[in-house]
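Subject: Handover of a structural model

Dear colleague,

Please find below the structure that I am handing over to you. My notes on what was found in it follow directly after.

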Amino acid sequence: MVTIPDAHEDLIHDAVLDYYGKKLATASSDKTIKIFDIDGDNYKLVDTLTGHEGPVWQVAWAHPQFGTILASCSYDGKVMIWKVLPETQQWAMIAEHTIHQGSVNSVSWAPQELGPVLLCTSSDGKVSVVDFNENGTTSHVVFEAHSIGVNSASWAPLTGSGKDASQHQRRFVTCGSDNLAKIWSFDAASSTYVLEATLAGHSDWVRDVAWSGSVLVRSYIATASQDCTVLIWSQDDNGHWQKQPLTENKFPDVCWRASWSLSGNILAVSGGDNKITLWKENLQGKWESAGEVDQ
């Protein structure tokens, strides 16, 4: 157990390792992002990124093939893109995405085969998808997703083959304060995202959604809610999404976040009781406890 003392001056909302596990980025209500280099159990603060005017909710590392790049989102309604410039080896803000009219609650990069594409969700009820083009320009699609506000989103695993981005379907799932999760897919004819399925099963805000990265047997979506439950969604043979409660009884407090392991077979759930619980599907298709982490 490694503790980093005095990392921020206020609440830390997110902490994410880069692709190689050599850098840690943290986001805080103190309006800053901190970058740490990791060497064994040693965490060395190398930079503090300032520019947001409100609490920073989330950070996301791009795939290293695009460079050392980090996206951040904030209550101030902005998304910022930060990069280590090759000529100076210093962090700098290289782009600012200011399309939203409310807090931007989550940012997530697409699977690298799709290129540098960023998915953003906002309390204004909209989702934006930003493409960072090779010539340095950006293009984006914005659409209404959840009327009261969008809390999070997660990309679907790729099912196509090859490195050609045109071979892969762009799909993701969003969740909102309307108690719903929704699956969207890109429609080339209209150049926007169309609703593929609506996942209704929660009785309060859906705080987080996570699409498992593995498609070995089937693909799972986990939704974590203010109603103190987590639901696992999977498609039946007819393609319809079916829900299964993760636990028989409700969690003791609100479920804030859900996250799949890289192999896609273990789910981590964090909640208002300051605990992280791990879950795994058994051979009978039921989900059982795989451990607990006390914070």
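Between which two strands does the loop that holds Ser 219 lie? Ser 219 is in the loop between strand 17 (206-211) and strand 18 (220-225). Strands here, like helices, are DSSP runs numbered from the N terminus (H or I over at least four residues for a helix, E over at least two for a strand).

Before going further, I should state that this is a predicted model, in which local features need pLDDT of at least 70 and side-chain atom pairs count only at pLDDT 80 or more, while totals for chains, interfaces and linings use all residues. Residues are numbered from 1 along each chain as its sequence is written, and side-chain values use heavy atoms, with hydrogens and water left out.

Overall architecture

The protein has 0 helices and 24 strands. Its radius of gyration is 19 Å, close to the 19 Å that the globule rule gives for 295 residues, so the protein is as compact as a globular protein of that length. The radius is taken over C-alpha atoms, and the rule is 2.2 Å times the number of residues to the power 0.38. Along the principal axes, the C-alpha atoms fill a box of roughly 55 × 50 × 35 Å. Of the 295 residues, 48% are buried, where buried means under 20% relative accessible area, exposed means over 50%, and partly exposed lies in between (1.4 Å probe, protein chains only). Among contacts (heavy atoms within 4.5 Å) with a separation of 6 or more, 40% are between residues 24 or more positions apart.

The sheet around Ser 219

Strands 17-18-19-20 form, in that order, an open sheet with antiparallel pairing; two strands count as paired if DSSP finds at least two bridges between them. Strand 17 and strand 20 (241-245) are the edge strands, each pairing on one side only. Neighbouring strands of this sheet are turned against each other by 25° on average, direction ignored; the axes are lines fitted to C-alpha atoms, and angles run from 0 to 180 degrees between N-to-C directions.

Strand 17 is mostly covered, with 5 of its 6 residues buried. It is joined to strand 18 by 5 bridges in the antiparallel sense, and Ala 210 has Ala 222 of strand 18 as its bridge partner. Strand 19 (residues 230-235) pairs with strand 20 over 5 bridges, also antiparallel, and Ser 234 is matched there with Gln 242 of strand 20.

Is Ser 219 buried or exposed? Ser 219 is buried, at a relative accessible area of 17%. Its side chain makes a polar contact of 2.5 Å with that of Trp 211. A polar contact is a pair of N or O atoms within 3.5 Å; within protein, one must be able to donate a hydrogen and the other to accept it, and residues adjacent in sequence count only if both atoms are side-chain atoms. Leaving aside neighbours within four places in sequence, the contacts of Ser 219 include Pro 157, Trp 233, Ser 234 and Trp 241.

The N-terminal sheet and Gln 58

A further open sheet has 4 strands in the order 1-2-3-4, with antiparallel pairing. Strand 1 (12-17) and strand 4 (42-50) stand at its edges with a single partner strand each, so one side of each is left without a neighbour in the sheet. The twist averages 20° from one strand to the next. Strand 1 is joined to strand 2 (residues 23-28) by 5 antiparallel bridges, and Leu 17 is partnered by Leu 24.

Gln 58 belongs to strand 5 (residues 56-61) and counts as buried at 11% relative accessibility. Its side chain reaches the backbone nitrogen of Val 107 at 2.9 Å. Beyond four places in sequence, Gln 58 touches residues including Asp 14, Ala 27, Cys 73 and Arg 257.

Two hairpins

Strand 14 (residues 171-176) and strand 15 (residues 180-187) pair antiparallel over 5 bridges, with Thr 174 opposite Lys 182. They form a hairpin with 3 residues between them, and Asn 179 in the turn has a positive phi of about 75°. Strand 15 is joined to strand 16 (residues 192-200) by 8 antiparallel bridges, and Phe 186 stands opposite Tyr 193. In this second hairpin, with 4 residues between the strands, Ser 191 takes a positive phi near 55°.

Record annotation

The unreviewed UniProt entry carries the annotation "repeat: WD" for residues 49-84 and 199-234. UniProt positions are given in the numbering used here, feature names are shortened, and annotations may be inferred rather than shown by experiment. Over residues 49-84 the chain is 0% helix and 56% strand, with the end C-alpha atoms 11 Å apart.

Yours sincerely
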